[in-house]
Amino acid sequence: MDFERKAPPLAVVVMGVSGCGKSSVGQRIAAEYGMRFVEGDQLHPAENVAKMAEGIPLTDDDRLPWLDRIGEEITTAQKASRGLVISCSALKKTYRDRLRQAAGGRLAFVFLEGSRDLLLSRMQARKGHFMPVSLLDSQLQALEPPTGELHVVTVAIDNALDDIVALACKGLGGVAVKGGDNYAG
């Protein structure tokens, strides 16, 4: 019997609130598929980083230029027929739709979901990150879970990193998005 192996999506956004593990999981997914990984936090305008470091939540207006930079990264990768995994909180459906539009629809999301207590403990344990623990609740309030949206894989973060990555990759295989011959970056 001949089984068709589904190719991974051309672009994957690893999403969720601060402390959920977007960077760790995103790097591992990218390595699994031979794709490039981009740390979305590095695309924030300096003003956004300064606001967050001061404990001031970002507004929609603050986030739009950042989302557009992430969209540009996705578009550039797709024009080059290269795979991309990028981390981005993508808290609201309108943000995800903006990224989908930039990607021409060839985009999947991995939503890393966890309890406030687990997220809080992870944020308290990390060193040198600009995002203070005090902003966790504002992110949780802004979060619109992507329940029912197309091409979304939801993975609970109360598993070991290897298990989270394995579950994400398994889910991505099930939501593969057609988009080009060369998925390796």
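pLDDT is the predictor's confidence in each residue, from 0 to 100. You'll need that here, since this is a predicted model: local features need pLDDT of at least 70, side-chain atom pairs count only at pLDDT 80 or more, and totals for chains, interfaces and linings use all residues. Residues are numbered from 1 along each chain as its sequence is written, and side-chain values use heavy atoms, with hydrogens and water left out.

**Exercise 1: Confidence**

Find out where the pLDDT is under 50 and what contacts the model has there.

Solution.
- Start with the whole protein chain: its average pLDDT is 84, and 83% of the residues score at least 70.
- Now look at residues 1–8, where the pLDDT is below 50; this stretch has 9 contacts (heavy atoms within 4.5 Å) beyond near neighbours in sequence.
- Then go to residues 177–185: pLDDT stays under 50 there too, and the model has 33 contacts for them beyond four places in sequence.

**Exercise 2: The sheet**

Work out the strand order of the sheet and say which helices pack on it.

Solution.
- Count the elements. The protein chain has 7 helices and 5 strands, taken as DSSP runs (H or I, at least four residues, for helices; E, at least two, for strands) and numbered from the N terminus.
- Read them along the sequence, and you get β-α-β-α-α-β-α-β-α-α-β-α.
- Put the strands side by side: the order is E2-E3-E1-E4-E5 in an open sheet of 5 strands, with parallel pairing (two strands pair if DSSP finds at least two bridges between them).
- Check the edges. Strand E2 (36–38) and E5 each pair on one side only.
- From one strand to the next, the twist averages 20 degrees.
- Zoom in on one pair: E1 (residues 11–15) and E4 (residues 108–113) run parallel over 4 bridges, and valine 12 has alanine 108 in E4 as its bridge partner.
- Add the helices. H1 (residues 22–33) packs on the sheet, touching E1, E2, E3 and E4, and its direction makes about 165 degrees with that of E2.
- H3 packs on the sheet as well, touching E1, E2 and E3, at about 175 degrees to the direction of E3.
- For these angles, axes are lines fitted to C-alpha atoms, for helices over the stretch in contact, and angles run from 0 to 180 degrees between N-to-C directions.

**Exercise 3: Salt bridges**

Trace the salt bridges of lysine 92, arginine 96 and aspartate 97, and say which parts they link.

Solution.
- The structure holds 10 salt bridges (a side-chain nitrogen of Lys or Arg within 4 Å of a carboxyl oxygen of Asp or Glu).
- Lysine 92 pairs with aspartate 60, with the closest N and O atoms 3.0 Å apart. Lysine 92 sits in the loop between strand E3 (84–87) and helix H4 (93–102), and aspartate 60 in helix H3 (residues 60–79), so the pair ties together parts 32 residues apart in sequence.
- Arginine 96 pairs with glutamate 149, at 2.7 Å between the closest N and O atoms. Arginine 96 lies in helix H4 and glutamate 149 in the loop between helix H6 (136–142) and strand E5 (152–156), so this pair ties together parts 53 residues apart in sequence.
- Both arginine 96 and glutamate 149 are buried (under 20% relative accessible area; exposed is over 50%, partly exposed in between, with a 1.4 Å probe and protein chains only).
- Aspartate 97 pairs with arginine 100, the closest N and O atoms being 2.9 Å apart. Both lie in helix H4, 3 residues apart, about one turn of the helix.
- Finally, join them up: salt bridges with shared partners link Lys93, Arg96, Asp97, Arg100 and Glu149 into one network.
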